[in-house]
Amino acid sequence: MSTSNVSPTWSSPWRLGAPRAVRLMAGVAGAAVIAAVAAAGMSVPAAAAGINVTAAAAGMNVPAPAARVNVPAASAGMNVPAAAVRVNVPAAAAGRAPSCGPDTGQAMTETPWPLQQLRPDLAWPISEGAGITVAVIDSGVSATHPALAGKVLEGRDFVEPSARGQCDEVAHGTLVAGVIAGRTPQGSVFSGIAPKAEILPVRVLRDLTKDFNPSTSADIATAIKWAADQDVEVINLSLTTDPTAGLEDAIEYALDRGVVVVAAAGNDGGSNGSEQTAYPAAYEGVIAVAGIDKVGHHVNTSTSGPYVDVAAPGAEVDGPMPRGDKYAQFKDGGTSFAAAYVSGLAALIRSAEPTLTPAQVAARITATADHPAEGRNNQVGFGMINPYRALTAIAGASEPSPAAAALAPVALPEDPMGGTRALATWTATGLAALALVIAISAGVARRTRRRGVLAGTVGAQATKVGAPARTGGARAGTASAPIGEPVTAPAARRSRKDHAGQPSEAAVSGMKARLRGDKGAEETSGRHQPLSWQPDAHQQSPTPERRQPPNQTSSNYSGRAQVPPS
């Protein structure tokens, strides 16, 4: 089964104008004139041994080998070897290229989005693909569109041998060729990736329907070998077919001859939701190309798999039509056109670096692609191709960069002070730890003493306030009764000062009374002295000699200086 990797848009059949037999008869008639002249004994220069018959004289549209006439040397009257005289009709004299295929489409007035994103024009100062021939094994390539005129060589046709691959009934191969090597016609903004490359058409498909004829796969294999023998530098396979031993052998044959082989990854990616394998893209050495759209997303129909190498535009791709001067696109796109962009890039690289092998060209394309976040995946491979980077990032590198060599371990000399340094380090660490422990212990001790002092002060004050007076010669605050028995507090001596440290009014009155000899007033004053302001129980009443004037400050039991009221 063989298919082209795009959904069909046109299906109208187109055929060649004149039957091949009529053209052959015309050629024979033209050659007969040459023979008759020679038979008449006319002198023919030796240079005429290889006579070129023009299209006007031959009146035919056939390839050069078809107009072959053998004229005996004696009858020609020429001084030439006895070998046959071959009359060759060059390609330019063979008449117009076949006119077939659709002429739909419109003028190209806006730069296609793939050219805006890929920017091959940035790489053109380095290479435009000059001197490179790309074989397009497809549905044929029309040579009449202005973007391809003069760029399409005579190839081979497995469908209609006389067409030489230049008849494209479905526009598929023509669009692919335009993407690879189309030039920019006057008044247009279209261009291929390698505008100075040439196209060798090889027609193996008549239409875009799936072909279950086993001979088609054999034809594709034969076409690959034939194209490799024509000294092409790149082969584009925008199709898929059944894997066979003959097909694999043909791929190896082309690679061994130094031909870069690019193939479409296939358009069955969305058929069953699982990864599949498409051939010839999955063969070793072939650059398998997936499709992405203008926003960088993987095209749903593009087949995914571990064999996918890179990605390129595969949706809404415009290209030239077989007849006329218009451009159109296939509605559903396809990996066919994605492969064409990669073939054009391979032509640029081959033109700049002719000595690179197919493997080196593939490595450069994948290494310089815009990789996805994970580096590579089965949908887009190593990512979107980047023509400018492929021509500049590693330009001139005919060999891949060698892998970094592992460094041998280096044995350092033993440090003579190593033991001393280790001991010093451990000693310093131990001393630091010990200092930390001492500091923490000192802090805990200070807090403990502070709590003890405060507790002792409060207890002493409580003893001064609530301790009983001396009993039987015992000092105040000393227990005079057994522990556990109730202690009766003795009557406290009444204070002669109020809470501000000054003599109270009652004390003053008592003092005046004593001076007058009035004892009742003193007793009254003593009875009305507030109990809460009594002095220490062990203190005696001041004697008249020790009594201080009322206005002189003195220390109370707390030790604080008392300031008299103003």
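Okay, quick definition before we start: when I say buried, I mean under 20% relative accessible area. And keep in mind that this is a predicted model.

With that in hand, take F190 and Y327: both of them are buried. They make up one of the 3 aromatic pairs that turn up in a search of the whole structure. Their ring centres are 5.1 Å apart and the planes sit at 40°, so we call this pair tilted. Now, where do these two come from? F190 is in the loop between α5 and β4, while Y327 belongs to strand β11, so the pair ties together parts 137 residues apart in sequence.

While we're on rings, two of them have a charge overhead. K225 puts its charged end over the ring of Y253, 5.8 Å from the centre, and R376 does likewise with F382, at 6.0 Å.

Okay, on to the sheet. It's an open one with 7 strands, paired in parallel, and the order goes β3-β4-β2-β5-β7-β8-β9. β3 and β9 are the edges, each pairing on one side only. Look at β2 and β4: they're joined by 6 bridges, and V136 has P201 in β4 as its bridge partner. Helix α6, residues 214–229, lies across β2, β3, β4 and β5, at about 160° to β5.

Last stop, the core. The largest nonpolar core has 91 residues, and those touching the most other members include I224, I287 and V342. Helix α8 is the top contributor, giving 11 residues. If you zoom in on I287 and skip its neighbours within four places in sequence, its contacts include V260, V262, D309, V342 and I365.

Definitions and conventions. Residues numbered from 1 in each chain as written. Predicted model: local features only at pLDDT ≥ 70, side-chain atom pairs only at ≥ 80, totals over all residues. Heavy atoms only, no water. Core = buried A, V, L, I, M, F, W, Y, C linked by side-chain atoms within 4.5 Å. Buried < 20%, exposed > 50% of the residue type's maximum accessible area, 1.4 Å probe, protein only. Helix = DSSP H or I, 4+ residues; strand = E, 2+ residues; numbered from the N terminus. Contact = heavy atoms within 4.5 Å. Phe/Tyr/Trp six-rings, centres within 6.5 Å; stacked < 30°, edge-to-face > 60°. Lys NZ or Arg CZ within 6 Å of the ring centre and 35° of its normal. Pairing = 2+ DSSP bridges. Axes fitted to C-alpha atoms, helices over the stretch in contact; angles between N-to-C directions.
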